[in-house]
Amino acid sequence: MTSTINGGISFWYADDGIPAPREPLPGDATADVCIVGGGYTGLWTAYYLKKAVPFLNITVLEAKFCGYGASGRNGGWLYNGIAGRDRYARLHGHDAAVRLQQAMNDTVAEVVRIAAEENIDADIHQGGVLEVAHNPAQLTRLKNFHAAEIAFGEKDRELYGARETADRVRVAGAVGSTWTPHGARLHPVKLLKGLATAVEALGVTIHESTPVTEIKPKHAITPYGTVRAPYVLRCTEGFTASLAHQRRTWLPMNSSMIATAPLPDDVWSQIGWSGRETLGDMAHAYMYAQRTADNRIALGGRGIPYRYGSRTDNDGTTQAATVDALRTVLTRLFPQLAGTDITHAWSGVLGVPRDWCATVTLDRSTGLGWAGGYVGSGVATTNLAARTLRDLIQQDSGQSGPTDLTALPWVNHKVRKWEPEPFRWLGVHTLYAAYRTADRHELTAHTTRTSRIATLADRISGRH
Ligand SMILES: Cc1cc2nc3c(=O)[nH]c(=O)nc-3n(C[C@H](O)[C@H](O)[C@H](O)COP(=O)(O)OP(=O)(O)OC[C@H]3O[C@@H](n4cnc5c(N)ncnc54)[C@H](O)[C@@H]3O)c2cc1C
């Protein structure tokens with residue numbers, strides 16, 4: 001058995017290479033729009049703004065290198081989920097949430113379209129999303145989830161029994177699944193690099209190795225100098241806590257992944273998965289997986305959920321216990337992989353707001369904007385956020401009026417901050433301990449009801 005490479009940002013970089021560094025900010029500068037953070041949010045925003053107004057002077061400031069964060073480490077699920085939709089339905093009405101969901105469905109198609117237009121080969125395969133249930137409680141949740149998605153306008157979603165599920169992917173013990181066509185598998189880093197190249201070709205300036213220490217109205221302050229701009233956009237997701245005055249804005253939640261060695265054809269003929277759907281489940285501590293273009297399985301889930309004081313990981317290194325836990329999940333789903341090499345393991349941070357709702361905001365009085373809090377659903381959502389930030393800036397600068405996007409219910413949503421430590425740490429660890437207990441209970445209790453522990457944890461955490 002070969003040993004696992006743990007860290008090195010992610011398997012995706014091991015596969016596609018760390019890019020050549022771009023120059024840091026050379027000194028004080030001015031711009032029309034300054035974007036802080038070179039992940040999907042920052043780069044998509046630069047892309048759409050520059051396309052809309054080619055003469056705009058746009059500068060992206062990135063602390064490490066573009067794609068250093070979740071955008072270079074994720075599971076490659078380009079799909080139509082958005083954190084907070086159900087809460088937005090409660091706050092703004094069902095129809096508003098249906099419009100948000102429709103915008104997300106369109107966003108999946110938009111990313112695929114732009115990738116083709118910009119010649120970005122990101123191993124995109126439009127196989128949809130398959131989510132499976134393993135026990136009666138999960139099956140009840142799956143059916144409820146399926147019905148809810150249809151009620152939010154997804155008429156093309158399909159519900160499968162055990163046999164139809166196995167026809168797609170032979171997941172051990174799967175008793176049913178729900179499938180949506182609004183999803184695609186992709187290689188996160190290939191998308192990121194292609195996007196960065198496209199943005200630079202449009203004339204956007206990107207400075208790397210340039211950490212912003214503080215954002216103030218019209219100012220992004222770095223150790224190399226200050227960029228002055230009428231609009232400064234914070235696109236720092238799980239790293240937001242490291243900025244001055246943002247410590248309790250979004251909680252950096254860890255997610256970890258493993259990748260197997262490429263699997264031989266005889267294993268694939270046992271597993272199926274010829275449709276290359278992205279694959280998830282209905283556990284409270286859920287897993288997410290994809291069949292990569294080079295025939296590995298890349299699978300993720302929650303390890304240690306949160307580090308004390310909102311600290312983030314060291315270049316993607318994850319705990320040995322988390323690697324073991326993810327291997328156990330993998331072999332529970334596919335027992336034939338018991339002896340398979342896990343070649344890579346890594347982790348990253350996602351941003352979690354106190355009410356678990358993604359937001360996009362432009363404060364018209366200060367010119368400060370931000371987008372994020374996507375929880376675990378950002379590969380597509382970042383694109384919708386970026387187009388919305390474009391429209392908000394165009395509206396604010398008098399170049400256009402309100403649009404369908406600026407009227408979506410997640411725009412300018414406000415939420416309170418997280419609790420100070422140690423309550424933040426205690427709360428998150430208690431939440432995930434409760435989810436793991438609930439999953440174990442549902443596995444052995446053979447009940448069709450969701451464990452009360454999970455329901456209570458959802459309520460206390462503000463998640464539902
Ligand atoms: C392991 C993992 C798996 C995931 N899987 C999926 C998935 O399959 N599907 C899905 O939809 N979502 C998934 N997500 C979530 C998704 O990847 C993110 O929501 C999305 O990439 C967020 O993009 P972003 O640009 O907002 O943030 P990031 O990609 O985190 O980018 C933020 C950037 O800002 C930079 N930065 C931070 N602080 C500063 C500063 N002070 N100054 C300058 N720059 C700074 C960082 O270096 C980073 O490059 C996953 C996340 C993780 C961690």
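1. Two strands are said to pair if DSSP finds at least two bridges between them. With that in mind, strand E15 (251-260) can be placed among its partners in this predicted model: E15 is joined to E19 by 10 bridges, and the two strands run antiparallel. Within this pairing, Met253 stands opposite Leu350 in E19.

2. E15 has a further partner in strand E18 (residues 297-301), with which E15 pairs in the antiparallel sense over four bridges. Here the residue to look for is Met257, whose bridge partner in E18 is Gly300. As for its surroundings, nine of the 10 residues of E15 are buried, so the strand is largely enclosed by the rest of the structure.

3. Turning to the protein as a whole, its secondary structure comes to 12 helices and 21 strands. A compact globule of 464 residues would have a radius of gyration near 23 Å, and the 21 Å of this protein agrees with that expectation. The C-alpha atoms fill a box of roughly 60 × 50 × 45 Å along the principal axes, and 52% of the 464 residues count as buried. If one takes the contacts between residues at least 6 apart in sequence, 77% of them join residues at least 24 apart.

4. Which residues are closest to the ligand? Of the 44 residues that surround the ligand, the closest are Gly37, Gly39, Gly69, Gly348 and Gly378. The elements that give two or more residues to this shell are helix H2 (40-52), strand E15 (251-260) and strand E19 (342-352), and E15 and E19 are the antiparallel strands joined by 10 bridges in the opening point. By character, the shell divides into 19 nonpolar residues, 21 polar residues and four charged residues.

5. Helix H11 (residues 423-445) offers a simple check of geometry, because its 23 residues, at 1.5 Å a residue, should span 33 Å, and its end C-alpha atoms, 32 Å apart, agree with this. The buried residues of H11 are Arg424, Val428, Tyr432, Ala434, Tyr435, Ala438, Asp439 and Glu442. When reading such a list, it helps to recall that an α-helix has 3.6 residues a turn, so residues three or four places apart point the same way. Just after H11, His446 takes a positive phi of about 50°.

6. The same check can be made on helix H5 (residues 136-151), whose 16 residues should span 22 Å at 1.5 Å a residue, and whose end C-alpha atoms are 23 Å apart, which agrees. Its buried residues are Ala137, Gln138, Leu139, Arg141, Leu142 and His146. What do the buried residues of H5 pack against? They pack against strand E6 (129-133), strand E7 (158-161), strand E8 (176-180) and H11. Just after H5, Gly153 takes a positive phi of about 100°.

7. Is Leu25, which is found in the loop between helix H1 (11-16) and strand E2 (29-30), buried or exposed? Leu25 has 21 other C-beta atoms within 10 Å, and because a residue counts as buried at 20 or more, Leu25 is buried. Leaving aside its neighbours within four places in sequence, Leu25 is in contact with Leu61, His207, Thr210, Thr222, Tyr224, Gly225 and Val227. The C-alpha atoms of Leu25 and Ser209 are separated by 8.3 Å, although these residues are 184 residues apart along the chain.

Note on methods
Residues numbered from 1 in each chain as written. Predicted model: local features only at pLDDT ≥ 70, side-chain atom pairs only at ≥ 80, totals over all residues. Rg over C-alpha atoms; globule rule 2.2 N^0.38 Å. Buried ≥ 20, exposed ≤ 12 C-beta atoms within 10 Å, placed from the backbone. Contact = placed C-beta atoms within 7 Å. Near = placed C-beta within 6 Å. Nonpolar A, V, L, I, M, F, W, Y, C, P; charged D, E, K, R; others polar. Expected span 1.5 Å × (residues − 1).
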